[in-house]
Amino acid sequence: MKSFHCTCGNILFFESSRCLRCGFEVGFDPIQNTMRVIDRSLKRCANGVEHAVCNWLLPISSTEALCASCCLNRTIPDLASRRNQQHWSLMEAAKRRLLHTLNALGIPLHTMAEDPQNGLAFDIVSTLLNPAMTTGHLNGVITVSLEEADDTWRQINRQQLGEASRTLLGHFRHESGHYVWFRYLSRLHWEHPTRIAFREVFGNDSYDYSSALNRHYEQGPPANWQENYISAYSASHPWEDWAETWAHYLQMIDGFETCDHLGIRGGGINLPLVILPLESCALPTCLSSRMSSEDADFHAWLQRWICLAAVLNEISRSFGAPFLYPYVISAAVARKLRLVHHFANIWR
Ligand SMILES: [Zn+2]
Ligand SMILES: [Zn+2]
Ligand SMILES: [Zn+2]
């Protein structure tokens with residue numbers, strides 16, 4: 001995330017609604033892509049005014065009441081419950097951060113009304129009260145279980161599923177991976193070079209999805225999954241591997257943006273680091289027949305990330321906390337991230 005400042009010079013965060021130094025009302029203006037003091041040209045999103053769950057702004061002249069993030073909601077929780085409202089607020093904050101990163105990547109987003117074929121919508125619902133619904137993506141609609149905003153619930157799920165990390169933001173990023181797959185990849189012919197490249201890197205996605213997931217939940221991942229996958233769940237099916245790798249890529253984009261804005265370089269640290277083979281950052285041969293300067297740039301980018309990750313983990317170790325970055329980037333994972341990076345560039 002970028003760093004923001006109030007007109008008084010104080011630091012503002014992406015989630016801020018008020019400057020803690022000068023007391024001015026502030027919010028995020030998605031048109032100018034920055035935090036701003038609310039002047040006469042701006043108004044708060046109605047979900048911010050009425051429910052305190054949103055800090056995004058709109059031009060005062062807009063006929064819309066909801067901001068660019070809230071207008072993507074198709075279903076919101078029952079607000080008769082105060083607890084639902086608190087959880088919804090956490091969900092919206094995670095969702096806005098996802099949208100900010102997709103925006104930074106230049107991926108255009110529209111509502112279902114604006115673009116019925118490629119539009120995006122969110123259902124944020126209690127899956128306890130609606131057991132037929134689960135967190136997932138279908139035809140442009142991302143559903144996220146409201147219960148995931150409950151820390152205890154999420155930690156229990158994380159431990160039961162053997163996950164290294166489980167966050168609301170991670171859910172939104174993961175499901176956005178299924179959405180971009182649906183939007184850009186699913187409609188391409190099986191023999192399209194993009195689909196061939198996908199299969200070469202992520203594996204053959206023609207085998208039955210639900211039986212693959214059932215097998216994963218019954219038998220767990222292969223013992224050596226870390227050699228090939230960013231997470232254990234990635235090993236369940238190439239579509240899940242894609243969504244997990246996509247989510248990881250978005251995490252890196254956001255993480256790098258934060259470090260760059262705070263002046264954290266991460267180079268020259270005194271840690272023995274894994275040096276990835278340069279070939280692991282080459283595109284599949286059906287897309288490019290030889291190593292390019294972009295492959296080398298990506299390799300340097302990934303190496304810098306591995307360096308930063310080591311710093312983050314050493315810092316969390318000194319606080320006695322779990323690893324902030326509990327992941328291993330193997331050569332196979334680097335190859336997947338390289339393809340995600342390539343696709344993200346051509347989709348902008
Ligand atoms: Zn201020
Ligand atoms: Zn809003
Ligand atoms: Zn998934």
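**View 1. The largest nonpolar core of this predicted model.** This core holds 73 residues. Trp242, Trp246, Leu302 and Ile329 are the ones with the most contacts inside it. Helix α4, residues 168–185, puts in the largest share, with 9 residues. For background, nonpolar side chains in soluble globular proteins tend to be buried together.

**View 2. Who sits around tryptophan 246.** Skip the neighbours within four places in sequence and you still find a good list of contacts for tryptophan 246. Among them are Leu102, Leu105 and Ile107, along with Val340, Ala344 and Trp347. Arg173, Ser176, Gly177 and Val180 touch tryptophan 246 too.

**View 3. Helix α4, wrapped up by its surroundings.** Of the 18 residues in α4, 17 are buried, so the rest of the structure largely encloses this helix. Its end C-alpha atoms are 25 Å apart, and that agrees with the 26 Å expected for 18 residues at 1.5 Å a residue. As a reminder when looking along any such element, an α-helix has 3.6 residues a turn, so residues three or four places apart point the same way.

**View 4. The zinc ion (ligand 3), held by two histidines and a glutamate.** His174 and His178 each offer NE2, while Glu240 appears twice in the donor list through OE atoms, with distances of 2.0 to 2.8 Å. Angles among the 4 donor atoms run from 51 to 140°, and the site is classed as irregular. Along the chain, the donors follow the spacing H-x3-H-x61-E. Histidine 174 belongs to helix α4 and glutamate 240 to helix α7 (residues 238–262), so this pair links distant parts of the chain, 66 residues apart. Both histidine 174 and glutamate 240 are buried.

**View 5. The zinc ion (ligand 2), with cysteine donors.** Here the protein donors are the SG atoms of Cys45, Cys54, Cys67 and Cys70, which lie 2.2 to 2.4 Å from the ion. This site is tetrahedral, with angles of 103 to 114° among its 4 donor atoms. The donor spacing reads C-x8-C-x12-C-x2-C. Cysteine 45 is in the loop between β5 (42–44) and α1 (46–51), and cysteine 67 is in the loop between β6 (57–59) and β7 (73–75), so the two tie together parts 22 residues apart in sequence. Cysteine 45 is buried at 0% relative accessibility, and cysteine 67 is buried as well, at 1%.

**View 6. Two buried salt bridges.** In one, aspartate 29 pairs with arginine 36, and the closest N and O atoms are 2.7 Å apart. Aspartate 29 and arginine 36 are both buried. In the other, glutamate 148 meets arginine 166, also at 2.7 Å from N to O. Glutamate 148 sits in the loop between β10 (141–145) and α3 (151–160), and arginine 166 in the loop between α3 and α4, so this bridge ties together parts 18 residues apart. Glutamate 148 and arginine 166 are buried.

**View 7. A partly exposed bridge and a charged network.** Arginine 335 and glutamate 200 form a salt bridge, with the closest N and O atoms 3.1 Å apart. Arginine 335 comes from helix α9 (residues 331–347) and glutamate 200 from helix α5 (residues 193–202), so the pair ties together parts 135 residues apart in sequence. Arginine 335 is partly exposed at 27% relative accessible area, and glutamate 200 is partly exposed at 36%. Elsewhere, salt bridges link Glu15, Arg97, Arg173 and Asp254 in a network. The whole structure has 20 salt bridges.

Conventions:
Residues numbered from 1 in each chain as written. Chains lettered and ligands numbered in written order. Predicted model: local features only at pLDDT ≥ 70, side-chain atom pairs only at ≥ 80, totals over all residues. Heavy atoms only, no water. Donors = N, O, S within 2.8 Å, 3.2 Å for Na, K, Ca; no water. Tetrahedral: all angles 85-135°; square planar, octahedral: opposite > 155°, others 65-115°. Helix = DSSP H or I, 4+ residues; strand = E, 2+ residues; numbered from the N terminus. Buried < 20%, exposed > 50% of the residue type's maximum accessible area, 1.4 Å probe, protein only. Core = buried A, V, L, I, M, F, W, Y, C linked by side-chain atoms within 4.5 Å. Contact = heavy atoms within 4.5 Å. Expected span 1.5 Å × (residues − 1). Salt bridge = Lys/Arg side-chain N within 4 Å of Asp/Glu carboxyl O.
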